[in-house]
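Trainee: I'd like to learn how to read a fold with a ligand in it, one feature at a time. Can we go through one together?

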Amino acid sequence: MQPARDAKDQQLDEHRVPVDDLNMTTDQGSRVDDTDNALRAGTRGPTLMEDFHFREKITRFDHERIPERVVHARGAGAYGIFELYEPLGDVTSAAFLNDTSVKTPTFVRFSTVAGSRGSADTVRDVRGFATKFYTTQGNFDIVANNFPVFFIQDGIKFPDFVHAVKPEPHNEIPQAQSAHDTFWDFVQLQPESLHMIMWLMSDRAIPRSFRMMQGFGVHTFRLVNASGQGTFVKWHWRPVLGTYSLVWDEVLRLQGNDPDYNRRDLWETIERGAYPEYELCVQLVPESREHDFDFDLLDATKIIPEEQVPLRPIGKMTLNRNPQNFFAETEQVAFHTANVVPGIDFTNDPLLQARNFSYLDTQLLRLAGPNFPQIPINRPVNEVRNDQRDGFHQHMVHESRTSYAPNSISGGCPGAVEGYRHYQEKVEGTKIRMRSPSFEDHYSQSTLIWNSMSDWEKQHIVAAFLFELGHVERKHIKEGVVRHLGQIHPDLASQVAQGLGLPAPAMAQVHSDTSPALSMTGQPRSVATRKIAILMGDGTDAAAVTALRRELEAQGAICEIVAPAEGTVGGVPVDRQLSAANSVIYDAVVAADGAALAPMGRAQFFVKEAFKHQKAIASVGSGRRLVEAAQLPNDVGVLIGDGNDIAKRFAEAVAGHRFYERDVSSVPA
Ligand code: HDD
């Protein structure tokens with residue numbers, strides 16, 4: 001069913017250029033009769049300056065690129081709708097957070113941080129999760145990431161951090177990776193980054209899907225109610241499908257097999273109507289409790305553990321529409337932490353304060369001047385009226401004879417009336433370049449995250465440190481990092497030190513507190529939107545496959561038939577031929593044929609690789625022979641399909657995402 005058309009969708013109508021049968025014209029509207037041959041003096045002669053169509057076409061082409069975002073250059077977007085569960089008038093006057101009958105249009109852009117526009121999706125990195133709410137009171141943006149903390153505490157360090165993580169300046173290597181000297185040099189010298197590093201080394205940094213990751217506003221923001229009373233707030237997006245990740249070896253292979261893996265996944269599921277959903281949750285802290293924590297609420301390298309302040313779900317966002325033009329919409333969208341509406345305000349978090357400067361500034365360059373808010377994707381759905389005029393690409397024709405206030409000539413219009421009112425916070429202090437001592441502890445929450453991880457999550461963190469530091473050339477940098485790890489946890493430090501061939505560092509006495517909510521275990525389970533490869537060949541029992549497929553698809557799974565050749569197999573249409581398919585683009589595998597496939601190395605590898613990546617594998621009929629030929633160790637999650645309940649058992653296995661307990665250390669695939 002098509003979603004109802006919202007206000008933003010309708011507003012875009014006036015900018016849309018439909019596919020139609022009109023004839024080609026120049027930008028000036030003059031009809032073009034030949035766009036294949038430049039105007040020349042004689043068929044073998046020079047091209048003439050007079051050829052305005054040629055000149056316009058080439059000039060436009062020469063100017064087609066705009067600067068990519070300095071960070072978060074690679075991204076994918078989608079439109080959605082936000083629906084509120086209950087009015088929040090007690091804490092905020094924001095209209096869209098008070099009226100449950102309103103469906104607020106949104107646009108979301110997901111991104112990676114370090115890589116260029118053309119880099120692969122599945123890299124170890126933070127993911128951006130920026131949402132623009134087109135509210136009746138103007139645009140409100142939550143410019144979030146999929147980690148709840150950040151690398152630095154003060155925005156003045158942002159250029160340093162970004163320069164360190166980006167490719168090194170002398171040779172522009174490596175692309176979209178943190179596994180290099182300058183990044184880890186920054187980390188070892190800037191221990192405030194350590195908590196974020198723990199997130200970056202965890203599987204959160206390699207999400208299975210944009211649809212299966214959380215979003216965090218990171219900073220403590222402020223809500224303000226109608227009587228001017230403030231409440232601290234942290235924003236959280238929680239994916240309805242649960243939070244799930246890939247495994248590292250799979251990530252590396254996906255970069256070659258499908259560099260657009262996350263982008264494609266978002267696009268395809270929306271096209272199918274399996275709309276991604278996220279609950280918006282808040283952590284609310286009354287101002288009276290500001291100093292009740294053993295960390296500073298203004299410090300963006302700290303979380304408020306959910307066990308201390310529970311998450312309150314306040315609404316749901318459903319992404320229900322793909323953009324129609326990547327450049328016009330996803331590339332030109334401009335987010336800004338300072339895009340707020342009445343009832344939502346800032347705190348003095350020094351990272352947030354810097355962001356409130358940076359986003360507008362960067363967009364003035366990237367989108368070439370001050371009129372970028374008029375670009376269709378950026379326009380609010382309510383009317384914009386002010387005296388700011390002129391500049392490159394002004395699209396509006398302002399009829400007023402005045403562009404200043406106050407004025408008497410235009411009846412004082414547009415006049416400043418009741419609108420956004422800044423929260424009246426009392427501020428006093430000495431001008432000083434210094435952080436508050438309450439920002440000094442860089443280790444306790446890094447320990448908290450380590451303590452809260454399950455065994456497999458800990459193993460993956462250690463492996464990530466070893467991979468990353470294994471790419472660092474300078475020994476003193478590795479030693480510096482390992483020294484810090486000794487302050488986080490002896491188990492972590494000793495394993496990393498051992499792998500790097502370094503002596504164990506001095507170990508601190510660490511606390512044993514945990515925050516179970518930090519672990520990715522215990523997520524909602526579902527086969528919905530899981531991609532399953534069914535390997536078929538000439539020997540397949542097509543009826544058994546069709547029955548299995550029907551049951552899986554009834555639960556929302558996406559099945560693809562993979563066979564040695566395109567066409568049909570056993571009367572079933574083939575979706576992909578084996579040489580164009582790879583297990584890494586699927587969540588699970590069904591071996592449905594052994595007769596044709598068992599002797600084929602590629603088919604064996606397919607199954608073995610899925611096993612290595614701890615995916616559910618089932619065999620039906622002669623598929624057992626393929627599983628046997630792949631010589632999988634006897635372990636969990638490999639279901640041999642004798643009996644009627646195979647579909648049920650397999651669906652349960654797929655819904656669990658991965659068999660992390662499966663020992664794959666000896667599997668070479
Ligand atoms: Fe940022 C882009 C998220 C710190 C400066 N940032 C950008 C995007 C996201 C974030 C999701 C991509 C928006 C899009 O899709 O267009 N940034 C964060 C988060 C941060 C953070 C969650 C810490 C809590 N950022 C941060 C700091 C600064 C910036 C401290 C500068 C002082 N960020 C930028 C930027 C970007 C940007 C340079 C690049 C392109 C853009 O803004 O529009 O201004």
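Trainee: How do the residues of the shell around the ligand divide into nonpolar, polar and charged?

Mentor: Sort the shell by residue class and count. In this predicted model, the split is 15 nonpolar, 10 polar and three charged. In total, 28 residues surround the ligand, and the closest are Arg 69, His 72, Arg 109, Gly 128 and Val 218.

Trainee: Which elements give two or more residues to that shell?

Mentor: Map each shell residue onto its helix or strand. Here the list is strand 2 (103-112), strand 3 (127-135), strand 4 (138-145) and helix 9 (350-366). Helix 9 gives the largest share, seven residues.

Trainee: Let's step back to the whole chain. What does the radius of gyration say about the protein chain?

Mentor: Set the value beside the one for a compact globule with as many residues. For 669 residues that would be near 26 Å, and the protein chain has 28 Å, so the two agree. The C-alpha atoms fill a box of roughly 90 × 80 × 55 Å along the principal axes. Inside it are 17 helices and 18 strands, and 43% of the residues count as buried.

Trainee: And what share of the contacts comes from residues 24 or more positions apart?

Mentor: Take the contacts with a separation of 6 or more, then ask how many of them span 24 or more positions. In the protein chain the answer is 73%.

Trainee: On to sheets. In what order do the six strands of the open sheet stand?

Mentor: Follow the pairing from neighbour to neighbour. The order is 15-12-11-16-17-18, and the pairing is parallel. Strand 15 (576-577) and strand 18 (638-641) each have a single partner strand, so they stand at the edges with one side left without a neighbour in the sheet.

Trainee: How many bridges does strand 11 make with strand 12, and how many with strand 16?

Mentor: Take each neighbour in turn. Strand 11 (residues 531-535) pairs with strand 12 (residues 558-563) over five bridges, in the parallel sense. You can find Ala 533 opposite Glu 560 of strand 12. With strand 16 (residues 588-591), strand 11 has four bridges, again parallel. There, Ile 534 faces Val 590, and Leu 535 has Ala 591 as its bridge partner.

Trainee: Is strand 11 mostly covered or mostly open?

Mentor: Count its buried residues. Four of the five in strand 11 are buried, so to speak a mostly covered strand.

Trainee: Which way do the residues of strand 16 point?

Mentor: Look at the side chains on either face. Ala 588 and Val 590 point one way, Val 589 and Ala 591 the other, and all are buried.

Trainee: How do I read the links between parallel strands?

Mentor: Trace the chain out of one strand, over the helix and into the next, and note the hand. Strand 11, helix 14 (residues 542-554) and strand 12 make a right-handed β-α-β unit. Further along the sheet, strand 16 and strand 17 (residues 616-620) pair in parallel over four bridges, with Ala 616 as the bridge partner of Ala 588. The chain gets from strand 16 to strand 17 through helix 15 (residues 601-612), and that β-α-β crossover is right-handed as well. Strand 17 then pairs with strand 18 over four parallel bridges, where Ser 619 stands opposite Ile 640.

Trainee: Now the backbone oddities. Which peptide bonds are cis?

Mentor: Check omega before proline. The bond from Ile 173 to Pro 174 is cis, with omega near 0 degrees, and Pro 174 sits in the loop between helix 3 (158-165) and helix 4 (181-189). Another cis bond joins Cys 413 and Pro 414, with omega about -10 degrees. Pro 414 is in the loop between helix 9 and helix 10.

Trainee: Pro 380 is in that loop too. Why does Pro 380 count as buried or exposed?

Mentor: Count C-beta neighbours. Pro 380 has 21 inside 10 Å, so Pro 380 counts as buried. Pro 380 touches Tyr 134, Gly 138 and Asn 139. In sequence, Pro 380 and Tyr 134 are 246 residues apart, but their C-alpha atoms are 5.8 Å apart.

Note on methods
Residues are numbered from 1 along each chain as its sequence is written. This is a predicted model: local features need pLDDT of at least 70, side-chain atom pairs count only at pLDDT 80 or more; totals for chains, interfaces and linings use all residues. A residue is near a molecule or strand if its C-beta atom, placed from the backbone, lies within 6 Å of it. Ala, Val, Leu, Ile, Met, Phe, Trp, Tyr, Cys and Pro count as nonpolar, Asp, Glu, Lys and Arg as charged, and the others, Gly among them, as polar. The radius of gyration is taken over C-alpha atoms; the globule rule is 2.2 Å times the number of residues to the power 0.38. A residue is buried if 20 or more other C-beta atoms lie within 10 Å of its own, exposed if 12 or fewer, and partly exposed in between; C-beta atoms are placed from the backbone. Two residues are in contact if their C-beta atoms, placed from the backbone, lie within 7 Å. Two strands pair if DSSP finds at least two bridges between them. A crossover is right-handed if, with the strands pointing away from the viewer, the path from the first strand over the helix to the second runs clockwise. Lists of a residue's contacts leave out its neighbours within four places in sequence.
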